[in-house]
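Visitor: I'm new to this one, and I'd like a close look at a single part of it. Please pick a spot, stay with it for a bit, and then show me how the rest fits around it.

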Amino acid sequence: MSAAWLVLSRLGRDRSALLGLVLIAGLVSAAVFAPLLATHPDDVFELHPAQRLRPPSGDAWFGTDRMGSDIYSRLLYGARITILIGVIAVGASLIVGVPVGLVAGHYHGWFSDLLMRVSDVFLAVPQVVLAIAIAQTLGPSLPNVILALSVTYWPWFARVVYAETRTLQKEVFIESTAALGASPLRLTALHVLPNIASPIIVRASIGMGFTILTAAALGFLGLGPPPPTPEWGRTIAESREFLPGAWWYAAAPGFAIFLTVMGFNLLGDGLRDVLDPRLRRGRSARDG
Amino acid sequence: MAELLSVRRLEVSFVTEQGVARVLDRISLDIAPGEVVGLVGESGCGKTTLARAILGILPAAGQIHGGEIVLKGRDLLREDPGVINDHVRGRAITFIPQDPFSSFNPLFSVGTQIMDLMKWKSPRRARGNESTRTGSTLWPALLRGYPRARHRADLAAVLDVVRGVQIPEPAQALGRLPHEFSGGQRQRLMIAMALLPSPDLIIADEPTTALDVTIQAQILRLLRQLVKDRGVSVLFTTHDLGVAHEICDRIVVMYAGQEMEAAPTDAFFRRPAHPYTRRLLDSLPSPDAEIRDIPGEVPSLIDPPSGCRFHPRCDDATAECHTSLPPARAVGDEHDVRCHHPLDAPVETGA
Amino acid sequence: MSRTAARAPLLEVVDLVRHFPVRNAFGRRTGWLRAVDGVTLSVWPGETLGLVGESGCGKTTFGKTVMGIHAPTAGEIRFLGREIGRLPKGERRRIAKDLQYVYQDPGASLDPRWKIVHSLHEPLIIHTRLGRAEREAEVQAILRAVGLRDTHLHLYPHELSGGQQRRVGLARILTLRPRLVILDEPTSGLDVSVQASVLKLFRQLQSEFALTYLFISHDLAVVRTMCQRLAVMYLGKIVELGETRAVFAGPRHPYTQSLLAAVPRIGGPRVTQEFALEGEPPNPRDVPSGCRFRTRCPLAKDVCAAEEPPLRDVGGRHVACHFA
């Protein structure tokens, strides 16, 4: 509890990290309170062809799209999709990647080499390309997008966890706790994992930004959830034929994506600065 | 007797996160020409800081507040830094570091590194028409060449000294990289480098701590023989009293930034006059299997005890010990003690 | 210390070998590092056996192999009458209850993210079925034994001083009430007065918990104070083994003689003036044939290169030399 407070207060001093936190908070509130914040909540489903492609006004703050729906409201509901995709994809990557990394890191020999070679193969292919291939094969839908993203992102976790586990193995306290009779399971779950939590958290935060960007790219290419789902990437794709006239149509979702990804990146960078070196410094012993 | 080096009432403090640490508290120390002086003390006593202060290589957080460091009549603290760089550091005073494994640059051969030293610090450089200043800008210094005649003379001197430190096949050895030598051999090379500029004083900072006991014995014998042959003084810091016994003519013991006692080696071990010295000698592991330690802990230097810093742990402490720093009192031939109540009776401390 | 033939040794090591493969840049094995090359010794209940040698002699590897941190390449390790060198991992872990290992810096053996109290409970959780209350009682008792207070329990290791961390590290091991404790360079790098306190603590714990120590150190003066018997190692083998007092009074192996001659004697004449041993110990990757000390031994003859001297019993002392 006190460690979390320490982290937050240190984070507070880093202005860019604070900005990141604010942006993420904005995203989350937009998603959670969408029904309350949206001016035209029904526009997610309803069409008003008469009001199509209107520029931003008092009624539609970000203008209307080709179906006449209020872009602002659709963006808010789109935030829900964005968060859903991000959390599930990164969560699934974590659930697969972290154990793989732990196992590969703990054991030495052909099995761990095999695991890491497999993850290397996944890492070698650009994530977007692989995601496109998977989404294309399985068809455009929300679950498929999440699947494609998880399959391509788990190696990043595996790699970080593997490297950190191997480094930690050299620490005296790991060897001594093993000498004390601790089983590999106990060692890994209770000693290794808490000590590598920081890099995992940092990678998860940065991963969110990356994943959301890739999801938007997939949506843009038409591989994401089909209409009328107000997914941000798809909205930008829809806007292409109306540019540059209906500039608001692309600018609004574009900015939303930009601010979201930047927010996660800033937060991730800030966390990296706060979590790793300073907490490790606290570990050093005083002379006595 | 004219002292080679005289440290008088030196005060050094370090700025740390927790406050200002008063690392050296009005320390005084004398080294005579040709004398090997041991600076003995436990960790945190300030011996490494004192060695660094003399060389002028204190880290940025260290500040000198007062006192003098007088080398052959000139106060080093009031000299031009350029003069110190050219004539004192690496010339009049050379240094042997503690860790033989990281003292050489791993990328260059030892010969290259030694000759690089000779280019700037060779004793032959002072003679002749060569300017002894490195120049006010970096550019001329880098372009400055190494006169061929001097190079030949220096190389001959290097081979001679390397042979003198018992490195076999000196010419081939110079061409090898540092990692091809063992720790003991690297320390021999460091000794060679310390002797080559023909210094007046060598400061050796725990040079045998990282070595095995049989190698240490070889190195100590070698070092003592070489410095006695050349009449070079040595300031030898160590926490190992046995090592001090082996190589030093005189021993100065420090505690928490103050010097407690200075005596010739024999008197130091047989007739210690300071209570701390006595407790320290008693806590050495003895064959009779009784173990005596010193109660209490080394004090913090940020908020040190007033007066004599050992008084909280001293059985004989009185009010005077709290209030005033004891003056140095002579209790024997060249034997000084900083204590208000020095021990009188000589105690036979034998191995 | 007299031992009757009826009492069995706590630890019996027979011809223990531990080699490490030496690999080149491609991962191909180019040779062997013979860290421990055939060591036989016994440790009797209640004693402190010293194991001395310089760097590279294999004493630390020996300790870790006995402890199970390294697997033996060959040889037998019998603890409490039971062979433990080749046990399956699960069973080997259970031996830790009786056989423990103290690192040079016991404070480093604590998980920096765990509070002291949890680190102290952990050995009991692993090895016993004691309930929470019983564990707490044990932990309290151990804390008192090492001279720490309850208030220290809820701190993290970095909030304690180095000396306190050392005591916690020791306490953690003692909660198991082990029979044999292997101490690996416990006073290396310590100031003289701190060393004295640490040795005093070890003595006190030995009598309070009926411990037996295998004391690995390169510091001969410390070993002389603490150990009743002493074994000298050189390049992976024992060259001399006997009662400490007797060995110091009259070492029989040339290496032991040089080793003792190198140790400064305060209050006496300078030893290094007469010190005669030249050269450096050879590489454990490249061990000389026959007697491994022959490259530096003043007594070396042809037989020393041809035949490796076995560790023989010469009037109560074990010496590995053709001329002892």
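**A nonpolar patch on chain A, and its surroundings**

Guide: Let's start with A:Val103, which counts as partly exposed because its relative accessibility is 31%, and that value falls between the 20% limit for buried and the 50% limit for exposed. Keep in mind as we go that this is a predicted model.

A:Val103 sits in helix H4 of chain A, which runs over residues 71–106. On the surface, A:Val103 joins A:Tyr107, A:Trp110, A:Phe111, A:Leu114 and A:Val118 in a nonpolar patch of about 610 Å². Which helix gives the most to the nonpolar patch? That's H5 of chain A, with 4 residues. A residue needs over 30% relative accessible area to be taken into a patch, so A:Val103, at 31%, passes that limit.

Helix H5 has something else to show us. The helix covers residues 110–124 of chain A, and A:Asp120 lies in it. A:Asp120 makes a salt bridge with A:Arg159, and the closest N and O atoms are 2.4 Å apart. The two partners come from distant parts of the chain: A:Arg159 belongs to helix H7 (residues 142–169), 39 residues away from A:Asp120. How open are they to the outside? A:Asp120 is partly exposed because its relative accessible area is 24%, and A:Arg159, at 40%, is partly exposed too.

If you follow chain A back to the other end of helix H4, you reach the loop between helix H3 (34–37) and H4, where A:Thr39 lies. A:Thr39 is partly exposed, with a relative accessible area of 33%. From A:Thr39 to A:Ala50 you count 11 residues along the chain, and their C-alpha atoms are 18 Å apart.

That salt bridge in chain A has company: over all chains, the structure holds 38 of them. Let's hop to chain B for a couple. In helix H5 of chain B (residues 148–164), B:Asp154 and B:Arg150 lie 4 residues apart, which is about one turn of the helix. Their side chains meet in a salt bridge, 3.2 Å from N to O. Both B:Asp154 and B:Arg150 are buried.

Another bridge in chain B ties B:Asp249 to B:Arg224, and here the closest N and O atoms are 3.2 Å apart. This pair spans distant parts of the chain, 25 residues apart: B:Asp249 is in the loop between helix H9 (241–247) and strand S9 (250–255), while B:Arg224 is in helix H8 (residues 213–230). The two ends fall in separate classes, because B:Asp249 has 23% relative accessibility and counts as partly exposed, whereas B:Arg224 has 15% and counts as buried. The dividing value is 20%.

Charge also gathers on the surface of chain B. B:Glu3, B:Asp30, B:Asp333, B:Glu334 and B:Asp336 form a patch of negative charge there. One of them, B:Glu334, is placed in the loop between strand S11 (328–332) and strand S12 (335–338). B:Glu334 is partly exposed, at 43% relative accessible area.

Now step back and take in chain B as a whole. Its secondary structure comes to 12 helices and 12 strands. The radius of gyration is 21 Å and the globule rule gives 20 Å for 351 residues, so chain B is as compact as a globular protein of that length. The C-alpha trace spans about 65 × 45 × 40 Å along its principal axes, and 53% of the 351 residues are buried.

Chain C has 10 helices and 12 strands. Its radius of gyration, 21 Å, agrees with the value near 20 Å that a compact globule of 324 residues would have. Along the principal axes, its C-alpha trace spans about 70 × 50 × 50 Å, and 54% of its residues count as buried.

Salt bridges turn up in chain C as a network, linking C:Arg34, C:Asp37, C:Lys237, C:Arg292 and C:Glu308. For one last residue, try C:Ala262 in helix H9 (residues 254–262). C:Ala262 counts as buried because its relative accessibility is 2%. Its C-alpha atom lies 9.0 Å from that of C:Ala276, 14 residues apart along the chain.

Methods: Residues numbered from 1 in each chain as written. Chains lettered and ligands numbered in written order. Predicted model: local features only at pLDDT ≥ 70, side-chain atom pairs only at ≥ 80, totals over all residues. Heavy atoms only, no water. Patch = residues over 30% accessible without salt bridge, like charges linked within 9 Å, V, L, I, M, F, W, Y side chains within 5 Å. Areas by Shrake-Rupley, 256 points an atom, 1.4 Å probe, with all protein chains shown as cover. Salt bridge = Lys/Arg side-chain N within 4 Å of Asp/Glu carboxyl O. Lys, Arg positive; Asp, Glu negative; His and termini not counted. Charge placed at Lys NZ, Arg CZ, Asp CG, Glu CD. Helix = DSSP H or I, 4+ residues; strand = E, 2+ residues; numbered from the N terminus. Buried < 20%, exposed > 50% of the residue type's maximum accessible area, 1.4 Å probe, protein only. Rg over C-alpha atoms; globule rule 2.2 N^0.38 Å.
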